[in-house]
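Welcome, and please open your viewer. We will go from stop to stop, selecting a few residues each time and looking at what is there.

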Amino acid sequence: MMINKRLIHLVKESKKYIAQNVFCQWCATLLEGLWLGKAEGKMLLLTVLVAAAALLIQYGMTLLASRMSFLSSKAVKKTLREKIYRKLTRLGASYNQQVATSAVIQMAVEGVDQLEIYFGAYLPQFFLRPAGSVDALLCSGSGQPFGSAGAADLRAGNVGVKGYLLILLLSADFFLPMRRLGSYFHIAMNGMAASDRIFNLLDLPEPKTGEKTIPEKAELRAKDLHFGYTSEREILKEIDFTIPSGSFTVFAGESGCGKSTLASLLMRRSKGYTGSLTIGGEELSEISEQELMKHITYVGHQSYLFKGTVRENLLMDAPDADDAELWEVLKKTRLDGFLSEEQGLDTPLSEQASNLSGDQRQRLALARALLHDRPIYIFDEATSNVDVESENDIMAVIRALAGVKTVLLISHRLQNGKDADQILMMKDGKIVESGSHQQLVSGQGSYFILWQAQKVLENYCAEEAAR
C-alpha cells in the first residue's frame, strides 16, 4: 500500500491538506457527473450549458486541489528539514562520525523532494482511487445508468448526447486516477526509501553532552594525548602542550603530521581521544557544546559563505551589529575598497561566494570571524589559498588579534609564525620541538631543516618571478 504511518504522523500538518486535496478532486468529478445526469438528453442546448458549468466547477476544484498539494508539500519540506537540522545540532560537531555529510545533504535535498511528491501527489491520488466507482454509483440515478436513459436505452443504443457525454466523463473519471496512481508509484517507492534513510538519521543515538562551563580567560592544556580515527592507526601520539590565555601559538610541521586533527579535536568534531585535553581546567569531553561554541571561533581554508548578500553573511555571526561595525571589520580585512565600488554591504553573493576571488572569499570569512568575537581563535591553514600580498594582509589581522585573544595558528608556511609566542613543531603525530622561532632555529632540529627548505624555495620563486 506504500503507506508509512510513522512518516504521516511525523508531518501531521500535511493530513488536513491531503484530505482537502482529495475532497476537491472528488467534488470536481462528482458534481460534473451529477449535473450532467440531471440534464435532459433531448435538450441539447441545456446539456451543453450544464456541461460548461460542470467544467467551470471542475476547473475551480482543480485549482483548489493544486493549492492543497502545494501547502502539503510546503509543510513536508519545512517539517522534515527542520527535524534533520535539529537532529544534527543535537549530535554536535562530530555528527560526521556517525553519518557522512554528503548523505545528510542528499537526505535534506533530494530525499525531502521525493517525499514532497509522495505527500503532494501520491497520497491524494491513492485515497482518490475509489472515487471513480463512487461517482459512477452516485451519478447512475439509483442504479439506472445515465439517469432517465436507463439500462434499456443503453441496450437499444438510445443513450443520446447526454449519455455519450456522461460515458466519456465517467470513464475518464474512473481510469485517470488509476493511471496517475501508477505513474506516482515509482516516485512513492523512492520516497519510502528516502524516509527510511531520514528515520535512520533521526534514530541515531545522541551523545551525552557535558555540563561544565569555562572561564573567559582559559588556558588550553594537553597531557599524554592520543587519538586515531581507527584503532589500527594512531594519528596523535603523546601530545603535551600548554597554551596560556592571550598567547599566540603556532602548530608547524609538514602535511599529514596531525596539525588539523588536533584542531578538529579542540572543536570536538572528532571524539574518542585518550589522555587529557582541557580548556580552563575542564576536560573537553565534559564541556557543553554550547559553551565550547561561546569560547572558540574556527576559521579554515574553505570557510563556507552562503548565497545572499555580504551583509547577511556577516550578520550570521553578529545579528545585532550595525553598519558601522560591519564596515569596521571589512576595513580591517581590506575589503572595504572593493565593496565600496560594488553595492556595499548589499553586494550579492552567489553560492559559496563563487563570484568573488579566492582571497576575497577568505578575507570575508575572516571578517565574519572577527565579528564572532570569541576568546579563542583557531586558524587552520587560513592563508593557504591566497596570494602572497593577501596572505600578508590576513596575517597582519591575525597578529593584531593575537594581542587581545588566544590565537592558535596552523600553517604550512613557517614565515607566518615567526613572531609567535611559541611554536609547536609536529612530526609523525608527535610534538618533537617547542619554543620561539629563534630558539628552534638555533636548535637546528626538524624546524630548522623545514625552515631552511622553505627559505630556499621561496628565494628561488622570487628569482624566477623577477626574470
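In which helix do Arg86 and Glu82 both lie, and how many residues apart are they? Select them: both are in helix α3 (residues 44-91), four residues apart, about one turn of the helix. Before going on, note that this is a predicted model, in which local features need pLDDT of at least 70, side-chain atom pairs count only at pLDDT 80 or more, and totals for chains, interfaces and linings use all residues. Residues are numbered from 1 along each chain as its sequence is written, and side-chain values use heavy atoms, with hydrogens and water left out.

**Stop 1: salt bridges**

Stay with Arg86 and Glu82, whose side chains meet in a salt bridge at 3.9 Å, N to O. The term stands for a side-chain nitrogen of Lys or Arg within 4 Å of a carboxyl oxygen of Asp or Glu. Helices (H or I, at least four residues) and strands (E, at least two) are DSSP runs, numbered from the N terminus. Arg86 is partly exposed, with a relative accessible area of 47%, and Glu82 is partly exposed too, at 37%. Here buried means under 20% relative accessible area, exposed over 50%, and partly exposed in between (1.4 Å probe, protein chains only).

Next, select Arg363 and Asp359, a salt bridge with its closest N and O atoms 3.4 Å apart. The two are separated by about one helical turn because they are four residues apart in helix α13 (residues 358-372). Arg363 is buried, with a relative accessible area of 7%, and Asp359 counts as buried at 18%.

Now pick Asp419 and Arg399, where the closest N and O atoms of the salt bridge are 3.5 Å apart. Asp419 lies in the loop between β10 and β11 (422-427) and Arg399 in helix α14 (residues 388-402), so this pair ties together parts that are 20 residues apart in sequence. Asp419 is exposed at 54% relative accessibility, whereas Arg399 is partly exposed at 31%. For a wider view, select Arg334, Asp359, Arg363 and Asp393, which salt bridges with shared partners join into one network. A search of the whole structure finds 13 salt bridges.

**Stop 2: covered strands**

Select strand β9 (residues 376-380). Five of its five residues are buried, so β9 is largely enclosed by the rest of the structure. Ile376, Ile378 and Asp380 point one way, and Tyr377 and Phe379 the other way.

Which strands pair with β9? Strand β6 (residues 296-299) does so in the parallel sense over four bridges, and strand β10 (residues 406-410) in the parallel sense over five bridges. Two strands pair if DSSP finds at least two bridges between them. To see single positions, find Thr297 opposite Tyr377 and Ile376 opposite Thr406.

Move on to β10, which is mostly covered, with five of its five residues buried. Strand β3 (residues 248-252) runs parallel to β10, joined by four bridges. Leu408 in β10 is the bridge partner of Thr249 and also of Ile378.

**Stop 3: an open sheet**

Show the four strands in the order β2-β1-β4-β5: they form an open sheet with antiparallel pairing. Its edge strands are β2 and β5 (282-283), each pairing on one side only. Five bridges join β1 to β2, and Ala222 stands opposite Phe241 in β2.
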